[in-house]
Amino acid sequence: MYQLEVLSDQDLQQAICLPDEVRQAFVLGQTVIDHCVKYSVLQWEEHCTECAMPACYKTCELYQPRRDGHCRRFINGIVPLHIPQCKSPVVQVDFKPWGVLMATSYIDV
């Protein structure tokens, strides 16, 4: 699961810059995923290493609002990539300064 900022088709095409050799690596990695017996759901979110929200929205030079008013820490948000051979989601993230990708996981053993 991941937060997506909805982009127009034109913006989406401009955001995607996945080289063919990287795309092929995802396709080859699908065989590893196919043999997994346990999965954990991760909720990915964009965060900031220097964040003190919402006060920083008024003082930070890097603040750029998303549609929901929160700070845009990734250039185009978390962009889904369509790779037909991959069953698992593949996304592209282009980080701005101070932007970090964060997820919380719960492991059931």
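Hi everyone, let's start from the outside. The accessible surface of the protein chain comes to about 8,100 Å², and carbon and sulfur atoms account for 59% of that. Please keep in mind that this is a predicted model.

Now, how is the chain put together? There are three helices and four strands. If you walk along from the N terminus, the order is α-α-β-α-β-β-β. The chain has 109 residues, and 24% of them are buried. What about contacts along the sequence? Taking contacts with a separation of 6 or more, 67% are between residues 24 or more positions apart.

Let's go inside. Which residues form the largest nonpolar core? There are six of them: L18, V27, L81, I83, C86 and V90. Take V90 as an example. Setting aside residues up to four places away in sequence, V90 touches F26, V79, P80, L81 and I83. Two of those names, L81 and I83, you just heard as members of the core.

Next, have a look at strand β2, residues 74-81. Is β2 largely enclosed or not? Six of its eight residues are buried, so the rest of the structure largely encloses this strand. Its partner is strand β3, residues 90-95, and the two pair in the antiparallel sense over five bridges. If you'd like a spot to find on screen, look for I78, which stands opposite V93 in β3.

Just past that strand comes a residue I'd like you to meet. K96 lies in the loop between β3 and β4, the latter being 99-104. K96 is buried, yet it has no salt bridge. Where is the nearest side chain of opposite charge? That is E46, 7.7 Å away, while a salt bridge here would need the charged atoms within 4 Å. So what does K96 touch? Leaving out its neighbours within four places in sequence, K96 is in contact with L62, Q64, R72, R73, F74 and I75. F74 and I75 fall within the residue range of β2.

Last stop: I33, in helix α2, which covers residues 20-34. Is I33 buried or exposed, or something in between? I33 has a relative accessible area of 29%, so it counts as partly exposed. Not counting residues up to four places away in sequence, I33 touches Y39 and S88. And here is a pair to look for: I33 and K87 are 54 residues apart along the chain, with their C-alpha atoms separated by 8.9 Å.

That's my tour, thanks for listening!

Note on methods:
Residues numbered from 1 in each chain as written. Predicted model: local features only at pLDDT ≥ 70, side-chain atom pairs only at ≥ 80, totals over all residues. Heavy atoms only, no water. Core = buried A, V, L, I, M, F, W, Y, C linked by side-chain atoms within 4.5 Å. Buried < 20%, exposed > 50% of the residue type's maximum accessible area, 1.4 Å probe, protein only. Contact = heavy atoms within 4.5 Å. Pairing = 2+ DSSP bridges. Lys, Arg positive; Asp, Glu negative; His and termini not counted. Areas by Shrake-Rupley, 256 points an atom, 1.4 Å probe, with all protein chains shown as cover.
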